[in-house]
Amino acid sequence: MVEILIVIAILAFLLVLLAPSGIQFYRTQQLDTVTEEIVQALRKAQLNSMSVKSDSAFGVYFSSGQYVLFRGNSYLSRDQEEVFEILNDISFSGDISEVVFSKLNGDPNNIGNLILTLDNKTKTININSLGRINLE
């Protein structure tokens, strides 16, 4: 009986010790996943614009709790959209709230950084004047 109590005490101690790092790892994975999904949406918008799909430009718009892949010259004048919901805990900041890629060459109308933050971790997506989309 004493052995069982010791085993339970050791397991409880390990659970208390390891749970915070497990939760932190999970939150970091959430941020990494959302960041990669946004990079892919940006690249898809750029590729669609460069291939002149539907004879239109494409872009991505960022707002609280979501980002939107859209067809059109701006988010306000869009004629088609695909909305992606994200965790409300992840916040956007930086220079970019919307980027549209030009038809044929895929040049962005906005350049700068999109910063995603969850807890005390950040990920930065940079879009430069050549249209390169970099994850920093």
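**Figure 1. The whole protein and its surface.** Add up the accessible surface of the protein and you get about 8,200 Å², with 59% of that belonging to carbon and sulfur atoms. Keep in mind that this is a predicted model. The secondary structure comes to 1 helix and 8 strands, and reading along the sequence gives the pattern α-β-β-β-β-β-β-β-β. The protein has 136 residues, and 35% of them are buried. As for contacts with a separation of 6 or more, 45% come from residues 24 or more positions apart.

**Figure 2. A nonpolar patch on the surface.** Here we zoom in on Met-1, Ile-4, Leu-5 and Ile-8, which form a nonpolar patch. Together these side chains put about 460 Å² of accessible area on show. Ile-8, one of the four patch members, sits in helix α1, which covers residues 2-50.

**Figure 3. The hairpin of β6 and β7.** Strand β6 takes in residues 112-118 and strand β7 takes in residues 121-127. The two pair in the antiparallel sense, with 7 bridges between them. If you want a spot to get your bearings, look for Leu-116, whose bridge partner in β7 is Lys-123. Lys-123 turns up again in the salt bridge with Asp-32. There are 2 residues between the strands of this hairpin, and Asp-119 takes a positive phi near 60°.

**Figure 4. The hairpin of β7 and β8.** Strand β7 also pairs with strand β8 (residues 133-135), again in the antiparallel sense, over 3 bridges. Asn-126 has Asn-134 of β8 as its bridge partner. This hairpin has 5 residues between the strands, and Gly-131 is the residue to check for a positive phi, near 90°.

**Figure 5. A salt bridge between helix and strand.** Searching the whole structure turns up 5 salt bridges. One of them joins the side chains of Asp-32 and Lys-123, at 3.1 Å from N to O. Asp-32 belongs to helix α1 and Lys-123 to strand β7, so this pair ties together parts that lie 91 residues apart in sequence. How exposed are the two ends? Asp-32 is partly exposed, at a relative accessible area of 25%, and Lys-123 is partly exposed at 25% relative accessibility.

**Figure 6. Arg-71 meets Asp-79.** The side chains of Arg-71 and Asp-79 form a salt bridge, with 2.9 Å from N to O. Is Arg-71 buried or exposed? At 18% relative accessibility, Arg-71 counts as buried, because the cut-off for buried is under 20%. Asp-79, on the other hand, is exposed, with 53% relative accessibility. So this salt bridge has a buried arginine and an exposed aspartate.

**Figure 7. Arg-78 meets Glu-81.** In this view Glu-81 makes a salt bridge with Arg-78, and the closest N and O atoms are 2.4 Å apart. Both ends can be placed by their accessibility: Glu-81 counts as partly exposed at 39%, and Arg-78 is partly exposed too, with a relative accessible area of 31%.

Key: Residues numbered from 1 in each chain as written. Predicted model: local features only at pLDDT ≥ 70, side-chain atom pairs only at ≥ 80, totals over all residues. Heavy atoms only, no water. Patch = residues over 30% accessible without salt bridge, like charges linked within 9 Å, V, L, I, M, F, W, Y side chains within 5 Å. Areas by Shrake-Rupley, 256 points an atom, 1.4 Å probe, with all protein chains shown as cover. Helix = DSSP H or I, 4+ residues; strand = E, 2+ residues; numbered from the N terminus. Pairing = 2+ DSSP bridges. Buried < 20%, exposed > 50% of the residue type's maximum accessible area, 1.4 Å probe, protein only. Contact = heavy atoms within 4.5 Å.
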